[in-house]
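Trainee: I am new to this structure and would like a close look at a single part. Please take one loop residue as the starting point and work outward from there.

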Amino acid sequence: MAAHHQFDTVKRKWYHVKWFADSDTPRERRLIMKLDLLIVPYAFLAYWIKYIDQANLNNAYVAGLKEDLGFHGNELVQLQTLYTVGAVVGQIPFMFLFTYLPMHWTIPFLDIAWGFFTLAQYRANSFGQMAAFRFLIGWFEAAFYPAIHYIFGSWYRGDEISRRGGVFYTGLTLGTLTAGLIQSGASSRLEGVNGLAGWRWMYIICALVTIPVGILGYFILPGTPENPNTWFLKDEDVQIAKERLARVGHSVVHPKFKLGTLKSLANNWKFWALLMLDIFFWNGSLNYSAGGYLLWLKSLGRYSQSKVNELGTISPAIGIFYVLLICFISDLVVGPAWAITIAHVWNIIGLIILVIWKVPESALWFAFMTTYSSVAMSAVLYGWINAILGKSSAERSFAIVLLNTVAQSTTAWTQLLTFPTKEAPQFKKGYSFVLANAVCLIITAQFLNVALKRSK
């Protein structure tokens, strides 16, 4: 196993926030900077767009979609679930394909396809049409997150991934924030233009932003060392990348996926521990995607549709700070297990208030402001997986997708059971369930951390 913090030859003080390790040579630093400029901005931009396209369902729902399509029951949570089902089913083929297909072709193709189905939503006139579009958006978005982390793990050491992943992951919070601002603007300025409701205009705007970003990926993404994109990378760059990874025991030979890989993973206790950790993570962060904050704002009855969407951007805006803080302290100060713990202790404080519910309104505002701490450690978790399973690229690619698929698939039914739209905005079952998972997540992370130290 490639240990997470064995890479620096000089012990660094906690306040020395450095982008490079002390042991990196000038040639390696030039390569890292080139990779950073190719991977991180594109990953951030594409994830930002992805979360505009994902979060806009909740924004559209409170901005007129509910009334226009005649929703009156649990349609919102059912559409959220269909998206999740699409995302789970769509990931399955990529467990096998990551080691076969060039990543700088795969990811842009998926990006462009989800852009087209995002656009299609503006034509939806029934629950059935909306359900089909949400499923297909989920299918084409499915492999993006594990694919980007597979690329990170192909070029970076374990102690470098979290902070790069953190910059990339701010796309989630910024995308959710931007979706609210786009819907707010569409509701106040485009309502009725060319006979279209404001929420329909939002889907048109989102698609017009998404598709060009997908096309850009064909030129920008560097691929992987075994299938590099030669637009910007030279043979010398690829060789340097392989050498620096080989020094820390990271695989530089990339075998294709075979059935024996599955057997090898099944016999690896670390894989099962990471699976439990990922399941607790997905279910311990349902509070950020359930739309509880927006539904609560709407239930107050004192804000217009555009104002509800505008206020809804505050929580994800604070989330940008959470993501960067947790990812940087993971790499530079405390390591992944304690970064996960810090993030979810803050999440738990907010969840306890939401479970109690009968508190002053200011306390509920505070609780909803903690929501995005639940997902702030996602890049830390997947960086940790890359480091723990770094010895085999076939195992790593399969594990990243399988862990993500299985963990996310559990939310397809847990969200449906615990966050029924009719119980909005209180969601007593939902917040209690998320609270229990957040506690289990912390316990599992600490157990894994101790077990890894002993196994060395």
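Mentor: Phe-427 is buried, because its relative accessible area is 1%, under the 20% limit for that class. The model is a predicted one, and the values below are computed from it. Phe-427 sits in the loop between α17 and α18. Its phi is positive, about 50 degrees, although Phe-427 is not a glycine. Most residues other than glycine have a negative phi, and most peptide bonds are trans. The loop between α17 and α18 also holds Pro-425. The peptide bond that runs from Ala-424 to Pro-425 is cis, with omega near 0 degrees.

Another loop can be set beside this one. Trp-357 is found between α14 (336–356) and α15 (361–369). Trp-357 is a residue other than glycine with a positive phi, near 70 degrees. Its relative accessibility is 11%, so Trp-357 counts as buried.

Next come the helices on either side of the starting loop. Helix α17 covers residues 393–418, and Asn-404 lies in it. Asn-404 counts as buried because its relative accessibility is 2%. Leaving aside residues up to four places away in sequence, Asn-404 touches Gln-91, Tyr-145, Pro-146, Asp-278, Trp-282 and Tyr-382. Helix α18 covers residues 428–455. Cys-440 is partly exposed, with 30% relative accessibility, whereas Cys-327 is buried at 0%. A disulfide is a covalent bond between the sulfur atoms of two cysteines. The structure holds 0 disulfides.

From here the view widens to the nonpolar interior. The largest nonpolar core has 135 residues, and those that touch the most other members are Leu-65, Ile-107, Trp-155, Tyr-156, Met-377 and Tyr-431. Helix α1 gives the most to this core, 19 residues. Met-377 can serve as an example of the packing. With residues up to four places away in sequence not counted, Met-377 touches Phe-281, Ile-326, Ile-340, Ala-343, His-344 and Leu-441.

Charged pairs are the next topic. The count of salt bridges comes to 14. One of them joins Asp-237 and Lys-34, whose closest N and O atoms are 2.8 Å apart. This pair links distant parts of the chain, with Asp-237 in helix α8 (residues 235–246) and Lys-34 in helix α1 (residues 26–68), 203 residues apart. The two partners fall into separate classes of accessibility. Asp-237 is buried, with a relative accessible area of 9%, while Lys-34 is partly exposed at 26%.

Helix α8 takes part in a second salt bridge, in which the side chains of Arg-244 and Glu-160 meet at 2.6 Å, N to O. Arg-244 belongs to helix α8 and Glu-160 to helix α6 (residues 158–190), so the pair ties together parts that are 84 residues apart in sequence. Arg-244 counts as buried because its relative accessibility is 1%. Glu-160 is also buried, at 1%. Neither residue stands alone as a pair, for Asp-24, Arg-157, Glu-160 and Arg-244 are linked in a network of salt bridges.

Helix α6 also supplies Arg-163. The side chain of Arg-163 meets that of Asp-331 in a salt bridge of 2.9 Å, N to O. Here the link runs from helix α6 to Asp-331 in helix α13 (residues 314–334), and the two residues are 168 residues apart. Both Arg-163 and Asp-331 are buried.

The last stop is the surface. Ile-92, Phe-96, Leu-97, Tyr-100 and Leu-101 make a nonpolar surface patch of about 400 Å². Tyr-100, one of its members, is found in the loop between α2 (75–97) and α3 (103–120). Its relative accessible area is 41%, so Tyr-100 is partly exposed. That value can be set against the starting point: Phe-427 is a loop residue, but it is buried, with a relative accessible area of 1%.

Key:
Residues numbered from 1 in each chain as written. Predicted model: local features only at pLDDT ≥ 70, side-chain atom pairs only at ≥ 80, totals over all residues. Heavy atoms only, no water. Disulfide = S-S within 2.5 Å. Buried < 20%, exposed > 50% of the residue type's maximum accessible area, 1.4 Å probe, protein only. Salt bridge = Lys/Arg side-chain N within 4 Å of Asp/Glu carboxyl O. Helix = DSSP H or I, 4+ residues; strand = E, 2+ residues; numbered from the N terminus. Patch = residues over 30% accessible without salt bridge, like charges linked within 9 Å, V, L, I, M, F, W, Y side chains within 5 Å. Areas by Shrake-Rupley, 256 points an atom, 1.4 Å probe, with all protein chains shown as cover. Core = buried A, V, L, I, M, F, W, Y, C linked by side-chain atoms within 4.5 Å. Contact = heavy atoms within 4.5 Å.
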